[in-house]
Amino acid sequence: MIDFEFIEHTADVGVRVYADTSEQLFKNCAEVLFGLILDDRPKPDIEETVVVEAEDIEELLITWLNELLSLFFAYRFLPVDYDIILEEREDYKVIKSRIKGANFDPYQNKIKMEIKAATYHDLKVEKNDSGWIAEVIFDV
Amino acid sequence: MEFHLEKISEYKYRIPKSYKPGMRVDGIIYAGNKLLESIKKDKAPEQVANVAFLPGIVNYSLAMPDIHWGYGFPIGGVAATDPEQGGVISPGGVGYDINCGVRLVKTDLVLEDLKGKIEKIVNVLYNDVPSGIGSKGQVKVSYQEEKKLLLNGAKWAVAQGFGVKEDLEYCEEFGAIDGADPDSVSERAFERGKPQAGTLGSGNHFLEVQVIEDIFDQTAAEVFGLRIGQIAVMIHSGSRGFGYQVCDDYVKVMGKCLSKYAIKVPDRQLACAPVTSPEAKAYIGAMRAAANYAWVNRQVLMYLVRESFGKVFSKSWQSLGMDLIYDVAHNIAKFEKYIIDGKEKVLCVHRKGATRAFGPGNPELPDRYRNIGQPVIIPGDMGTASYLLVGTKKAEQETFGSTCHGAGRLKSRSEAIRTVDYEGLIKELRQKGIEVRSSGKNTIVEEAPSAYKNIDDVIEVVTQAGLSKKVCKMRPLCVVKG
């Protein structure tokens, strides 16, 4: 079970996600996002490499989540298992992910929620004594 | 914590620019006593203040009475920028659902004609109009054809047989905004848009069959061909995945523009670029392509609604009098002329959950509506009412020709799910004579009437403030939710 909770937002869906490491946080955020979209997790049989760069970790998280969303809605790639390497330098962050997934057509199969995008509004990615926390608002 | 708003008149409240260092202009929120309490508790006034940071913003950062917490801009936000004064365009001021909007179709049917047929109508609409999450549309186009669609909007749809050329006359921008640039659109957006043209979508998108319950302006109603007891159909949808991808692509691009053009905004979702920059020009071309996609979408949806009515009543849509009254965009940025300090200026007007409301005489209006003003279509929640208004000269002078766009959310979706009982809601709607269909129970619960502000309160503010005039009020009979 992913450790997360909902944040109240008048129009959209906000989540607060917890993890022990930054890599785990990225993975947990992706799992929470796709958990909002659908319950099924088919057996993965294809692999995609997703590499995303940004100037800071907040931008990196949103860019990565939106990359996964558009791979799903444009190319029907449903991510299931994540293998992530996060490289951080002063003003350059990169996430290199090898993702096992399955072909899933959201236009033929029933999904729970259509998420338009992860937004920067009220975005937080923080490390504290007990681990990592991210707060993300999704436009639905 | 409650937000402090200064009352400046019965329906106007100010956030002075001294509220936060960096605000370039005051914020103005249109509201009345009944709406004020919920607005003050929401994060939306803070967002009105944030929008006031945008370079080149003119007069005020404005908010309509249906304002609620969004991302970047508040929903219900209006901001105009002056390109000659370093004015910017922000994809966050348009939103992910570019040219989300509403169209209203009249019929010559009256309530009596629908007796015993409401269930049949809602079932045919639900079956024949693709709705719900990730639904697939009937419009199948090649990459080359999709480019034509993006350039020509509803004109393309009409040329394909999804309507008649008279429909185009009654759309904002006549159903196709000039300057769309398919070459500024990513391959992703093309892919994401391909299966979705001609689909309603999910969330707050809907089709609603309504009866005209009250008429406030007989002259305007006659021009629209509407009378009490008559049946109309409202369609609410946007640019689907195509628009979401365009917005996402350009929020990324504009994020980098903040440092490039030394722009400071308090929320990265307000990322923007000077209107004259190459990044802004590319966004404008792509946004207009998405706007045209949305006009195609609503045109095809109207075609399917006309066909559905034809099926139920065994008559052509023409003989049922199903003419388009008007189609408005409520998530868009437009270049419009206004007089600022005695000089005519072309401003970039962002409407994020706000409707254009041009007054009588405006050259943008079709000839038939030139004397009464632009039709403004305001959907309420599915259990109460919707309104048809007309725009005013005062709106052109005060709010860059803008008014509200709906009732405005009051409760979060999760609060609605916690507090609204599905079976109870369906029963309550049935008692009011309203049939609802949706692919998901959660959508209905999230969109429950109690999750929204009272539409009458919102309409009272925009009419009392002089931003629009009431023409008629419509009551829902059946609803297809996405």
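Trainee: How many residues does the largest nonpolar core have, and which helix gives the largest share of this core?

Mentor: In this predicted model, the largest nonpolar core has 172 residues, and those with the most contacts inside it include B:Val209, B:Phe309 and B:Phe400. Another core, of 55 residues, lies apart from it and has A:Leu36 and A:Leu78 among its members. The largest share of the 172-residue core, 19 residues, comes from residues 278–313 of chain B, that is, from helix H9.

Trainee: Are H4(B) and H9(B) parallel, perpendicular or oblique to each other?

Mentor: The axes of H4(B), residues 143–159, and H9(B) come within 8 Å and cross at roughly 40 degrees, and the crossing is left-handed. Because angles under 35 degrees count as roughly parallel and those from 65 to 115 as roughly perpendicular, H4(B) and H9(B) are described as oblique.

Trainee: How many nonpolar residues does the contact of H4(B) with H9(B) have?

Mentor: On the H4(B) side the contact includes B:Leu149, B:Trp156 and B:Glu146, and on the H9(B) side it includes B:Tyr293, B:Val296 and B:Gln299. By class, this contact has one charged and four polar residues, while the number of nonpolar residues is 12.

Trainee: Is A:Lys124 buried, partly exposed or exposed?

Mentor: A:Lys124 is found in strand S6 of chain A, which spans residues 117–128, and beyond its neighbours up to four places away in sequence it touches A:Ile133, A:Ala134 and A:Glu135. Since buried means under 20% relative accessible area and exposed over 50%, the value of 37% makes A:Lys124 partly exposed.

Technical notes:
Residues numbered from 1 in each chain as written. Chains lettered and ligands numbered in written order. Predicted model: local features only at pLDDT ≥ 70, side-chain atom pairs only at ≥ 80, totals over all residues. Heavy atoms only, no water. Core = buried A, V, L, I, M, F, W, Y, C linked by side-chain atoms within 4.5 Å. Buried < 20%, exposed > 50% of the residue type's maximum accessible area, 1.4 Å probe, protein only. Helix = DSSP H or I, 4+ residues; strand = E, 2+ residues; numbered from the N terminus. Axes fitted to C-alpha atoms, helices over the stretch in contact; angles between N-to-C directions. Parallel < 35°, antiparallel > 145°, perpendicular 65-115°, else oblique. Left-handed = near helix turned anticlockwise from the far one by under 90°. Contact = heavy atoms within 4.5 Å. Nonpolar A, V, L, I, M, F, W, Y, C, P; charged D, E, K, R; others polar.
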